[in-house]
Amino acid sequence: MDKPRESAAIRFQRFVELFAAPVVIFDFDGVLVDSERYHMASYNAVFQKYGHTIDETEYFKYWTSLGLGPAGEIERHGLSIDPALIRREKRPIFSELCRNGTVRFFPEARELVERLAGAGRTLAIASGTMKSDIDAILQKEGLLETFASVVGSDTAALKPDPESFLMVLRELKASPSKAVIVEDAEKGVSAAIAAKIPVVVVRTPETAAIEFKGADLILDSHGELISFSRRMFS
């Protein structure tokens with residue numbers, strides 16, 4: 001039997017408790033920026049060179065949420081391709097999309113960042129995207145100085161390894177109990193639990209059916225995220 005859904009009032013109270021933390025650590029792709037479709041398109045462009053096309057449903061399950069990446073795709077489909085080659089050829093394709101303004105912040109996420117910064121929270125990013133790509137997007141959005149720490153895939157192990165979250169804490173000299181993480185993927189929840197940091201999940205249309213076991217709070221959408229933040233930081 002499914003667990004009863006908490007009321008909006010209870011979720012909001014939990015939101016207030018969690019976002020009282022002085023440090024807020026964001027995942028990047030799918031939480032702050034609308035980038036997952038561009039990651040998929042970039043990987044697909046490379047795979048198609050070798051005669052394979054990525055299925056969108058599989059991508060959001062196995063890549064976005066579980067973090068199995070090109071190695072998982074190759075294993076599932078019995079392909080004879082080096083995953084390191086796929087990653088290497090994909091990087092410049094996606095990087096150009098970050099630099100030319102194609103990859104943008106979700107409007108709700110931008111507002112949330114501005115509200116949290118205005119409320120005196122210290123903001124950070126821990127992501128599986130390369131730091132140089134994150135910095136390029138933040139520069140385009142005029143938000144580069146808003147984040148006190150940015151950790152990317154070129155500086156820390158990929159989630160579900162907790163290293164990126166722990167690195168942020170070290171850089172900010174913060175304890176796990178003084179932080180909260182905003183995530184959208186199972187791999188991120190697993191990493192947050194391993195780091196002993198409370199985690200809030202924002203569902204997307206692609207992750208609506210995922211249970212997200214262990215998350216401290218699950219929000220239905222970016223819309224609910226910004227609605228709660230407006231009430232808390234009005």
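The crossing of H4 and H5 is right-handed, and that's a handy way into this predicted model. Helix H5 (residues 83-99) is the one to keep an eye on here: H2 comes within 9 Å of it, axis to axis, H4 packs with it, and the biggest share of the largest pocket's lining comes from it too. Let's go through those in turn, then look at a couple of backbone oddities.

**H4 against H5**

- Two packed helices are described by the angle between their axes and the distance between the axes.
- For H4 and H5, the angle is about 130 degrees and the axes sit 8 Å apart.
- Angles from 65 to 115 degrees count as roughly perpendicular and those over 145 as roughly antiparallel, so H4 and H5 end up oblique to each other.
- From H4, the residues touching are Gly 69, Pro 70, Ala 71 and Ile 74, while H5 offers Pro 83, Ile 86 and Arg 87.
- Sort the residues of that contact by type and you get five nonpolar, one polar and one charged.

**H2 against H5**

- Helix H2 covers residues 36-49, and its axis crosses that of H5 at roughly 135 degrees.
- That makes H2 and H5 oblique to each other as well.
- H2 goes past H5 in a right-handed crossing.
- On the H2 side, the contact uses Tyr 38, His 39, Ser 42, Tyr 43, Ala 45, Val 46, Phe 47 and Lys 49.
- Facing them in H5 are Ile 86, Arg 87, Glu 89, Lys 90, Ile 93, Phe 94 and Leu 97.
- The mix in this contact is nine nonpolar, two polar and four charged residues.

**H5 against H7**

- Helix H7 spans residues 131-141, and its axis comes within 8 Å of the H5 axis, crossing at roughly 20 degrees.
- Angles under 35 degrees count as roughly parallel, so that is the label for H5 and H7.
- This crossing is left-handed.
- Phe 94, Ser 95, Cys 98 and Arg 99 of H5 meet Ser 132, Asp 133, Ala 136, Ile 137 and Lys 140 of H7.
- Here the contact residues split into four nonpolar, two polar and three charged.

**The largest pocket**

- Rolling a probe the size of a water molecule over the atoms shows where empty space is left.
- The largest pocket in this model has a volume of about 590 Å³.
- Which residues are closest to its centre? Out of 31 lining residues, they are Arg 87, Gly 128, Thr 129, Leu 158 and Lys 187.
- Two or more lining residues come from each of H2, helix H3 (56-65), helix H4 (69-77) and H5.
- H5 gives the largest share, with five residues.
- By type, the pocket's lining is made up of ten nonpolar, ten polar and eleven charged residues.
- Arg 87 is worth finding on screen: this residue is part of the H5 contact with H2, part of the H5 contact with H4, and among the residues closest to the pocket centre.

**Backbone oddities**

- Going from Lys 159 to Pro 160, the peptide bond is cis, and its omega is near 20 degrees.
- Where does Pro 160 sit? You'll find Pro 160 in the loop between strand S3 (147-151) and helix H8 (163-172).
- Lys 173 isn't a glycine, yet its phi is positive, at about 55 degrees.
- Look for Lys 173 in the loop that runs between H8 and strand S4 (179-183).

Technical notes
Residues are numbered from 1 along each chain as its sequence is written. This is a predicted model: local features need pLDDT of at least 70, side-chain atom pairs count only at pLDDT 80 or more; totals for chains, interfaces and linings use all residues. Side-chain values use heavy atoms; hydrogens and water are left out. Axes are lines fitted to C-alpha atoms, for helices over the stretch in contact, and angles run from 0 to 180 degrees between N-to-C directions. Helices (H or I, at least four residues) and strands (E, at least two) are DSSP runs, numbered from the N terminus. A crossing is left-handed if the near helix is turned anticlockwise from the far one by less than a right angle, and right-handed if clockwise. Contact means heavy atoms within 4.5 Å. Ala, Val, Leu, Ile, Met, Phe, Trp, Tyr, Cys and Pro count as nonpolar, Asp, Glu, Lys and Arg as charged, and the others, Gly among them, as polar. On a 1 Å grid over the protein atoms alone, a cavity is a set of points where a 1.4 Å probe fits but cannot get out, and a pocket is an open set with protein on both sides within 12 Å along at least five of seven lines; lining residues have an atom within 4 Å of a point. Grid points are joined across faces, edges and corners, and a volume is the space filled by probe spheres set on the points.
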